[in-house]
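Visitor: I have a model open and would like to learn how to read it. Where do we begin?

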Amino acid sequence: MNLRSSLILREVCRLVIPAVMLFALYVQFHGEYGPGGGFQAGVIFAAAVILYALVYGRQKAQRILPTETVRYFIAAGVLLYTGVGVATMLLGGNFLDYDVLLQGHQQAQHLGIFLIELGVGITVGTVMIAIFYTLDEFCE
């Protein structure tokens, strides 16, 4: 049975995929207070995109999230992570020493962790999507 030919599967995915993406955002933005964080959120988000591509076709998924855009987000996530580390060094601290981000402010640790986890989430999610796109294209 072809996944794309199942009306029930397509309709269920139409409901499930937005919920999975919303859960990925919850895990991303709630990661410093509980289980989760950037890595888990990135994998959950990528799973939603991969499910969409499996059910509706990679070509349709690539119209929504093209390969070039995925590559830019991979670089943006790495640059965000590295940029926070370099910024802390330029402000006189060690690499990823969050206290120097907002000198004397109690929220410096939260800001640093949030930015780092965001960079990790973007990178992990888009790398997973890029791997899927490449493997799916290779298997055609």
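**Reading the helix pairs**

Guide: Begin with one pair of helices and list who meets whom. In this predicted model, H1 contributes Leu9, Arg10, Cys13, Arg14, Ile17, Val20, Met21, Phe23, Ala24, Val27 and Gln28. Across from them, H2 contributes Gly38, Gln40, Ala41, Ile44, Phe45, Ala48, Val49, Leu51, Tyr52, Val55 and Tyr56.

Visitor: How do the residues of the contact of H1 with H2 divide into nonpolar, polar and charged?

Guide: Sort them by residue type. That contact has 17 nonpolar residues, three polar and two charged.

Visitor: At what angle do the axes of H1 and H2 cross?

Guide: Roughly 165°. H1 covers residues 7-29, H2 covers residues 38-56, and their axes come within 8 Å. Angles over 145 degrees count as roughly antiparallel. H1 and H2 are therefore roughly antiparallel to each other.

Visitor: Is the crossing of H1 and H2 left-handed or right-handed?

Guide: Left-handed.

Visitor: Let us try another pair. How do the axes of H4 and H5 cross?

Guide: Follow the steps again. H4 spans residues 67-90 and H5 spans residues 108-139. Their axes come within 8 Å and cross at roughly 150°. So H4 and H5 are also roughly antiparallel to each other. Their crossing is left-handed.

Visitor: Which residues of H4 and H5 meet?

Guide: From H4, take Thr67, Val70, Phe73, Ile74, Gly77, Val78, Leu80, Tyr81 and Val84. From H5, take Leu115, Ile116, Leu118, Gly119, Val120, Ile122, Thr123, Thr126, Val127, Ile129, Ala130 and Tyr133. By type, the contact of H4 with H5 has 16 nonpolar residues, five polar and no charged.

**Single residues**

Visitor: Is Thr126 buried or exposed?

Guide: Read the relative accessible area. Under 20% counts as buried. Thr126 has 9%, so Thr126 is buried. This residue lies in helix H5. Setting aside neighbours within four places in sequence, Thr126 is in contact with Val70, Phe73 and Ile74.

Visitor: And what does Thr123 touch?

Guide: Leave out residues up to four places away in sequence. Thr123 then touches Ile74, Gly77 and Val78. Thr123 is found in helix H5. Its relative accessibility is 16%, so Thr123 counts as buried.

Visitor: Give me a threonine from H4. How accessible is Thr82?

Guide: Thr82 is found in helix H4. With a relative accessible area of 33%, Thr82 is partly exposed. Place this residue in space as well. The C-alpha atoms of Thr82 and Met21 are separated by 26 Å. Along the chain, Thr82 and Met21 are 61 residues apart.

Visitor: Where does Gly57 lie?

Guide: In the loop between H2 and helix H3 (58-64). A loop residue can still be checked for burial. Gly57 counts as buried, at 2% relative accessibility. Its C-alpha atom is separated by 24 Å from that of Leu25, 32 residues apart along the chain.

Visitor: What should I look for in backbone angles?

Guide: Look at the sign of phi. Most residues other than glycine have a negative phi. Now check Leu96, where phi is near 65°, a positive value in a residue other than glycine. Leu96 lies in the loop between H4 and H5.

**Core and overall layout**

Visitor: How do I read a nonpolar core?

Guide: Start with the general idea. In soluble globular proteins, nonpolar side chains tend to be buried together. Now count. The largest nonpolar core here has 16 residues. Leu65, Ile129 and Tyr133 have the most contacts inside it.

Visitor: Which helix gives the most to this core?

Guide: H2, with eight residues. H1, H2 and H5 each supply at least two.

Visitor: What does Ile129 touch?

Guide: Phe45, Ala46, Val49, Leu65 and Val70, not counting residues up to four places away in sequence.

Visitor: Now step back. How many helices and strands does the protein have?

Guide: Five helices and zero strands. From the N terminus on, the order is α-α-α-α-α. The C-alpha trace spans about 60 × 30 × 20 Å along its principal axes.

Visitor: What share of the residues counts as buried?

Guide: Of 140 residues, 31%. Look at sequence separation too. Take contacts between residues at least 6 apart in sequence: 61% of them join residues at least 24 apart.

Terms used:
Residues numbered from 1 in each chain as written. Predicted model: local features only at pLDDT ≥ 70, side-chain atom pairs only at ≥ 80, totals over all residues. Heavy atoms only, no water. Axes fitted to C-alpha atoms, helices over the stretch in contact; angles between N-to-C directions. Helix = DSSP H or I, 4+ residues; strand = E, 2+ residues; numbered from the N terminus. Parallel < 35°, antiparallel > 145°, perpendicular 65-115°, else oblique. Left-handed = near helix turned anticlockwise from the far one by under 90°. Contact = heavy atoms within 4.5 Å. Nonpolar A, V, L, I, M, F, W, Y, C, P; charged D, E, K, R; others polar. Buried < 20%, exposed > 50% of the residue type's maximum accessible area, 1.4 Å probe, protein only. Core = buried A, V, L, I, M, F, W, Y, C linked by side-chain atoms within 4.5 Å.
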